[in-house]
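Subject: Structure for you to look through

Dear colleague,

I am passing on the structure we talked about, together with some notes on what was found in it. Please open it beside this email, so that each residue can be looked up as you read.

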Amino acid sequence: MKIIKKRLGVDLSDNVYRKYVRIMRYVIEFLKNKECRDVTNSDMKNIVADMRSRQQNSTFANQWVIVKTFITFGINNNKIPDNNLFATIKVVKRPKPVEYLTSEEVEKIRNTKFESERLQRVADFAILEINLGLAYCDLVDIKREDIQQHKDTLFIKKKRQKTNIEFLSVVNDEALAILEKYNYNIDISNACYNRYLKEIGGIVGIEKHMHSHLLRHTFAHYQLNERHLNISTVSKMLGHTNLKQTQHYCRKHTSTIVEEFLQANNM
């Protein structure tokens, strides 16, 4: 864990750490316990080919970064010879378009009264997540004592479960009402949450693939592209490690760009 933290420059949650361990075990098994000094560029190419054959591009690209992290650490510490191991290996992560719920779709969830108590509960949690912009693991970790106040505004300021990076989320009246309704007890597994969100989408007529992160995307999209918050502000609210992560959500329409230019230049 200390080695990973030093290499990446950030703290990691246990879940992320276990992902690193799992991927490196895969590499070790693939190389059949080959000595570090004998690892070659050909080995790296074979690993890339195997990973590509089993995974989607975005998943493969993310996991390849982890492989390179460990191999580079070995090179920097003179455990693995620096023999151009990554020469001619190009891995490009093709960005996927960011999906989000439209205001009409959000209203469908907000205004539908579900007969099932479990679905109404998850629908409320979905609206809460859209208001706060939190990832699932941080949403279910909210406690009453996390609520702070600045003048007349309530907010949550703490560190993300996944990365240990601090975020700041404003708690509006709707979010507070939902938290109070359930006594700050958002106790639901990630699998059940996503499964019920999919069920809710089918009931209200949302054709998009419903999942927790779609709700976080929705928050980010509206803050950046509709309400025009500064990208560094949104990045802080989301608890991102850098602005490039937040830039992924920034997809301004032509009309928005023109309007902002005219306003800034008093035209």
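The notes below deal with the nonpolar cores and then with one pocket.

Please keep in mind from the start that this is a predicted model. The largest nonpolar core holds 38 residues, and within this core L101, I109 and Y193 are the ones that touch the most other members. Two or more residues of this core come from each of the helices α5 (103-111), α6 (117-132), α7 (136-139), α8 (173-181), α9 (190-204) and α10 (212-226), and also from the strands β2 (153-159) and β3 (166-171). The largest share is that of α6, which gives nine residues to this core. Apart from this core there is another one, made of 22 residues, including V16, I23, Y26 and L85.

If you would like to follow one residue by eye, L101 is a possible choice: leaving aside residues up to four places away in sequence, L101 touches V106, I109, I130, I206, K208, M210, L214, L215, T218 and Y222.

The second largest pocket has a volume of about 400 Å³, and its lining is formed by 18 residues, with M24, I28, C36, F70 and I71 lying nearest its centre. The elements that give two or more residues to this lining are α2 (14-30) and α4 (57-76), and α2 gives the most, with six residues. Sorted by kind, the lining residues of this pocket comprise 14 nonpolar, two polar and two charged ones.

With best wishes

Terms used. Residues numbered from 1 in each chain as written. Predicted model: local features only at pLDDT ≥ 70, side-chain atom pairs only at ≥ 80, totals over all residues. Heavy atoms only, no water. 1 Å grid on protein atoms, 1.4 Å probe; cavity = no way out; pocket = protein on both sides within 12 Å on 5 of 7 lines; lining within 4 Å. Points joined across faces, edges and corners; volume = space filled by probe spheres on them. Helix = DSSP H or I, 4+ residues; strand = E, 2+ residues; numbered from the N terminus. Nonpolar A, V, L, I, M, F, W, Y, C, P; charged D, E, K, R; others polar. Core = buried A, V, L, I, M, F, W, Y, C linked by side-chain atoms within 4.5 Å. Buried < 20%, exposed > 50% of the residue type's maximum accessible area, 1.4 Å probe, protein only. Contact = heavy atoms within 4.5 Å.
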